[in-house]
Amino acid sequence: MADKPDAAELKEYSEAADAWFKENTVRDPGFMLPLTFMEVSTDEQFDFLREWQRKVYEAGYLGASWPKEYGGGGLHTDFQRAATRAMKKYDAPIMLNAIGNGWAGPLILDLGSEEQKQTYIKGMLNAEDIWCQGFSEPEHGSDLGNAQLKAVKEGDEYVLNGSKIWTSLGDRAKYMILLARTDFEAENKYKGLSFFLNPMKIDGISTSRIKKLTGEYGFVQTFFTDARISADCLFGGEGNGWSMAMKTLEYERGAKVKPVGGYFVKELDVMQIVELAKNSMRNGKPLLDDPVMRDKMTQYMIDIQALNLNNTRRRMPQLMQDKPMGLPLMNKLARTELIRELTEFSLGFQGTKAGYYVGDENAVDDGYWHRSYLNSFSATIGGGTSEIQRNIVAEHALGLPKTR
Amino acid sequence: MADKPDAAELKEYSEAADAWFKENTVRDPGFMLPLTFMEVSTDEQFDFLREWQRKVYEAGYLGASWPKEYGGGGLHTDFQRAATRAMKKYDAPIMLNAIGNGWAGPLILDLGSEEQKQTYIKGMLNAEDIWCQGFSEPEHGSDLGNAQLKAVKEGDEYVLNGSKIWTSLGDRAKYMILLARTDFEAENKYKGLSFFLNPMKIDGISTSRIKKLTGEYGFVQTFFTDARISADCLFGGEGNGWSMAMKTLEYERGAKVKPVGGYFVKELDVMQIVELAKNSMRNGKPLLDDPVMRDKMTQYMIDIQALNLNNTRRRMPQLMQDKPMGLPLMNKLARTELIRELTEFSLGFQGTKAGYYVGDENAVDDGYWHRSYLNSFSATIGGGTSEIQRNIVAEHALGLPKTR
Amino acid sequence: MDNLGNIGTTEEQIELMDVATNFCRDKSPVEKVRALIDDDLGYDPEIWREVGELGWLAIAIPEAHGGVGLSMAEVVPIAEQMGRNLMSTPFGMTTLAAQALLAGGTEAQQAAWLPKISEGMAATLALREDHGDWDLAHVDCAGTHSGDSIALAGKKQLVLWADSAELIIASVMIDDRLRFALIERSALPEGALRREEIIDETARSYELNLDGVSVPDSALLDADRGREIIEKVELAAGLIHAAEMTGGAQAVIDYTLEYLKTRKQFDKIIGSYQALKHPTVNNYVEYEKARTHLYSAAFSWGEQGRGEVAVRMAAAQAHDSYSQAADRSIQFHGGFGFTHDCDAQLHRRKAIMSGALIGDAPYQRSKLAGLLFD
Amino acid sequence: MDNLGNIGTTEEQIELMDVATNFCRDKSPVEKVRALIDDDLGYDPEIWREVGELGWLAIAIPEAHGGVGLSMAEVVPIAEQMGRNLMSTPFGMTTLAAQALLAGGTEAQQAAWLPKISEGMAATLALREDHGDWDLAHVDCAGTHSGDSIALAGKKQLVLWADSAELIIASVMIDDRLRFALIERSALPEGALRREEIIDETARSYELNLDGVSVPDSALLDADRGREIIEKVELAAGLIHAAEMTGGAQAVIDYTLEYLKTRKQFDKIIGSYQALKHPTVNNYVEYEKARTHLYSAAFSWGEQGRGEVAVRMAAAQAHDSYSQAADRSIQFHGGFGFTHDCDAQLHRRKAIMSGALIGDAPYQRSKLAGLLFD
């Protein structure tokens, strides 16, 4: 771990990162680049992003502040922050290996054995080893604690039976962080769960692709039929699966382990939609001259600016004394719902051309807005639906009683 | 009961009603007339409306289709409908004795004894006997079935102890339809309830006025302290209170007993608000030229027109086959919420003058809009809150499971 | 405000409603709808033949031209049930083409085409262009005289079912006037039609390249009735799409209710959670308002002034309520809602398509405001 | 879009926030607020004296004039806590009057009045008129020269706290130019002030009849700075009211939460029903957005361009969120919510009043649109 960085060093690193991303960022490879790791659909998208992540890592701009001994850069977090800033500045493609770098990696760095760190960290950084997540099951989308996939210990192996669903990159992944039930008699549903670093490319595990409402492919259902994994895959001890799963969610929200850097999901650029509205003509006039549109667009600007400033305000204790959990807990809810509304709103700019979809030469921005709107549900549903998020804010920030 | 009316007779009656209301309707008595029977606040309002109802009744335009032997007109319902139409046409003041004529009257006509009909009906028609309703209690606003006011039988009397609240005209009423608990051991909360035609002007019953959020007075809390009433006041038998109470709600929605006629609540006249918007100037231009206002106002016109047409559609079985309870059950919810939104919206027309309230000479329309907005909550809360109404529609029209 | 209409029904309308309810439900189960997504034609020709035999294309055509002699009011329940069952065919476009012929066709043109349409021939309209405006009078495609014929030029977009239509009626500017040209599809040059990728996978749409297409002078609709044709077509399209969207809204709400009544999470039927229950009630209320407006629009069809107000109210309310109901249906289906297999997306996409074709709810309201307030 | 500001705080601001939080909470319990509703003055003179002693009126006044030399940014936490505790005093209006003097007063005028204000003298602005426009440049009241003085005519409306103010600054047209006249209340003729009935019962407002009022030429603010004065006053008023409304929104949400956590219906704490819980979360989210905008507006105060955008965003968001939170608070309190005893109505009325004074959310957005998009 590094000391407070030397200002000159940091400046030099920042400038180098800037230059590197300026030179190396490809924004139009000739096919549509996914906006999130959940939207990787075709082989060419996957190959491109895997290669891109490797390149960024090797240049020293991903995992820069992770420990050197496991493949990281060993630098102070300010260095990684500078690198991420440069990525954003040049609108670089996303990092592909989100579950590996954002969820599994921090967990292993935090609680894993030396051997686990040696085994897993570097491969996730250079995108050699793609990771996926196996929490949700077909019958328990929101109720993760009710997971039923069975893991029965036989000798020094566990035998897995059941199914997981909504697994992004599930058909490409080498490993899955898996929530499975090892004890069906436990005193409550949570205590029967255990957590595994599960190899995907073994007998008894198969995947089937799920077609998204956008028409693309992006995630799979995974079937486990007498799949046998080594007992070493167990992570955190039997019966601690729930707390391990909750920990990964904490890392996602940004906790004590230093962030790997980069981004796995592109933020909606508000200027893009302002441009769309300015450039859309209706009866010979820019749509943004229409007062009804202007009024709504202005409200969206107010909303976006508030959410962007919230990210700064969250780090200002003097403005966070009342209901300190409010801002952090509302962020996902507010942001994902806003993106849904805003992308839906954008369809109204397009007049008759709102009838076109991705793939038609007459489509506005190649159908980007339609696809973004349909894809926006991945965020209002995945990772806890907005309805669940409202419960969380109500119960944990406002102190209201549980609904159930 | 009368046969299908003779067309010529009906026409003659209609024309007479038209002429009568044209001649007799006073729209500006020099003080603000209440828009609903729940808003009667001052003595002059009360006296005026009581006198008005008596006059309308005596002219034969209220209770025209109720049985002649109890004080009604004995005519076919089409006659009363014609009279009500005439009232609306000339924007006549409301009928005051809503609980008597709309709730208690139909119940007594439907299920009461000959003696009860002789005792109560005429006095409620001519507004000699004002009625009020005692269902809600301070601790059980929405949960009527949980009423706790105690009625203990002693000899040929019941002794009442407890309190009722939100009683419109409670301090002016001679009778109250009262929901009280006669059995605290009943197998469920509903079966312990009984229904009384309760005299108000007796020892042990006192009222205290409640100031509304508008600043006016309109209803009271009623306290019962060892109040003794005759056992004859029991209506429908011990333990049947819940079903009697539910019956009164059915009459309210318009059921088998012929409607008494008139109206107890004035509908918002949409043209009024359009006029307000047209006449409000902002920077020298009519507000209704502002496209954002126009867009919203247009949506309200769409909403109002739909709700008005729904009243016709409800009587057309050919358009009511799918979910037949939907329209009748949604009516209160949709209408009261719309009025709340619309009156709130009207405040935005007034520019700086939205700062004024009833009583100031600078107030727009004497503060009518502000008062209407604040009063609109009486309808979104009273008679079952909008939240309860949504449960009712969900459960009884859409077949969704109960929440509790 | 005396241009607000009333509501009512005709006997024929209700009879057709009964027939259409059964027919569309039986002939268009969702498995079939989904199978047709991958079909080139996009509909079942056998069903299309039956639609013709039932006389549905003839409803609003006068008896003199082989029609039934009723009005658009009676087309409404059929379009509603088609929308409810996602039954996509050239029905709506053919009906609109007939309306255009009725509004502006010469005797000879009507005599030539209306009997064929009455018997089941598909036709369509080519009105949309690259500028994206909903205003039908904004036309850049042009025709120039060349002897006894007119040489057309430019591209029309979103020409629905063009490959099935024997007749395509296209708007073009000729001598600075808005005209409508009757184009026989069989006479189109190779490659004049390009299939478009549209948001509604259950429909088929084509771009029509008019370059190199000529029509005889006699194939133009009446020069003096351009405005009438536009008004008639715009209102008829509003009514048909309002009907389809209203039927669609009903279907997607029922589909959502079914899920809310059966799916469990946290050991409870999810329909018992007010977070899902109350918004569904709100959507249902909005849907019933849409249906009320729809039958008011059908009833007011043909009443000067009231007809347009009623149709635009129906279209605005239908577009908003269908969009919202389908959006919430996706959300309330959770993970499954995000898949192509969930029917909610079929409806959501269809609502976008309908808005694109006739003008979305804000557009309808902007038109209404002028009718109501000025 | 480089006129979007950032967020930050100053040390003084946070110190003042702490002091104001305690002071306003302790000095303005709701029973006192309610008692003052029936009081003629409308506030407790003792508390007003303390406000003066605390130096709060001097915050944004330069040290040269006896002030503290900070800026409007440091006024924000005080106004926020006052709004939160429904503590009505002439604080806001006096601060605005000082801003007007700073923007357009001559050296002599500033020297005459600012030290007094710094020490606790109340002042106010008379800007509103019967036309109801929010545009401060729309002024019908007039002044005509008459020797060395100006004879004023017309009526100003919604002059808050006029009976407490020693100085009233009124906008009038003189020689076709917008001017501001410094009027000493003590010099007003009998009956020039009429108390108005306003929607916010916790405030006091007066109509000011200027007929018969004269001021010397030397009591006019700088003729060349009319536009500057208006802009300064409008933004400062937006910021102060945004602060009050944001504090009010916090209070009414907390008040609602308290009820939702204790009230039972159907044997359950009503806060466990999603029908009440989820809308309350939504209102809370909107409130936090308002507070973020508020401290961004305070931080951006004085930054050319950014200041106005940030203030208008704060005002729009505060007005919408306060209105909505208070409206839902009435509803969620059920029958009690409909009574005068429920505090929700105090907040709902105050939100209407603030919107009337500075322009409601749609007005703020219409102004913002020009700044953002043109």
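How much of the chain over residues 43-127 of chain A is helix, and how much is strand? The legends below take up this question and then move to other parts of the structure, which is a predicted model.

Local features in this predicted model need pLDDT of at least 70, side-chain atom pairs count only at pLDDT 80 or more, and totals for chains, interfaces and linings use all residues. Residues are numbered from 1 along each chain as its sequence is written, chains are lettered from A and ligands numbered from 1 in the order in which they are written, and side-chain values use heavy atoms, with hydrogens and water left out.

**View 1. An annotated stretch of chain A.** Over residues 43-127, chain A is 65% helix and 0% strand, and the C-alpha atoms at the two ends are 15 Å apart; helices (H or I, at least four residues) and strands (E, at least two) are DSSP runs, numbered from the N terminus. An unreviewed UniProt entry places the feature "domain: Acyl-CoA dehydrogenase/oxidase N-terminal" at these residues, and such annotations, given in the numbering used here with shortened feature names, may be inferred rather than shown by experiment.

**View 2. A salt bridge inside helix H2 of chain A.** A:Glu51 and A:Arg54 form a salt bridge, their closest N and O atoms being 2.3 Å apart, where the term stands for a side-chain nitrogen of Lys or Arg within 4 Å of a carboxyl oxygen of Asp or Glu. Both residues lie in helix H2 (residues 43-58) of chain A, three residues apart, which is about one turn of the helix. A:Glu51 counts as partly exposed because its relative accessibility is 37%, the classes being buried under 20% relative accessible area, exposed over 50%, and partly exposed in between (1.4 Å probe, protein chains only).

**View 3. The interface of chain A and chain D.** The contact, meaning heavy atoms within 4.5 Å, takes 41 residues from chain A and 46 residues from chain D. The area buried between these chains is about 3800 Å², of which carbon and sulfur atoms give 64%; buried area is the accessible area (1.4 Å probe) that two parts lose on being put together, summed over both. Six salt bridges are found across this interface, and A:Lys323 forms a salt bridge with D:Asp254, with 2.5 Å between the closest N and O atoms. Helices H7 (270-279), H8 (291-313), H9 (326-347) and H11 (386-397) of chain A are the elements that give two or more residues to the side of chain A that touches chain D, and H8(A) gives the most, with 15 residues.

**View 4. A salt bridge between chains B and D.** The side chains of B:Arg340 and D:Asp327 meet in a salt bridge (3.1 Å, N to O). B:Arg340 lies in helix H9 (residues 326-347) of chain B and D:Asp327 in helix H9 (residues 306-332) of chain D, so the pair joins two chains. B:Arg340 counts as buried at 7% relative accessibility, and D:Asp327 also counts as buried, at 0%.

**View 5. The surroundings of C:Leu276.** This residue has its place in helix H8 (residues 274-300) of chain C, and C:Leu276 is buried because its relative accessible area is 9%. Leaving aside residues up to four places away in sequence, C:Leu276 touches A:Glu387, C:Leu260, C:Ile270 and C:Phe332.
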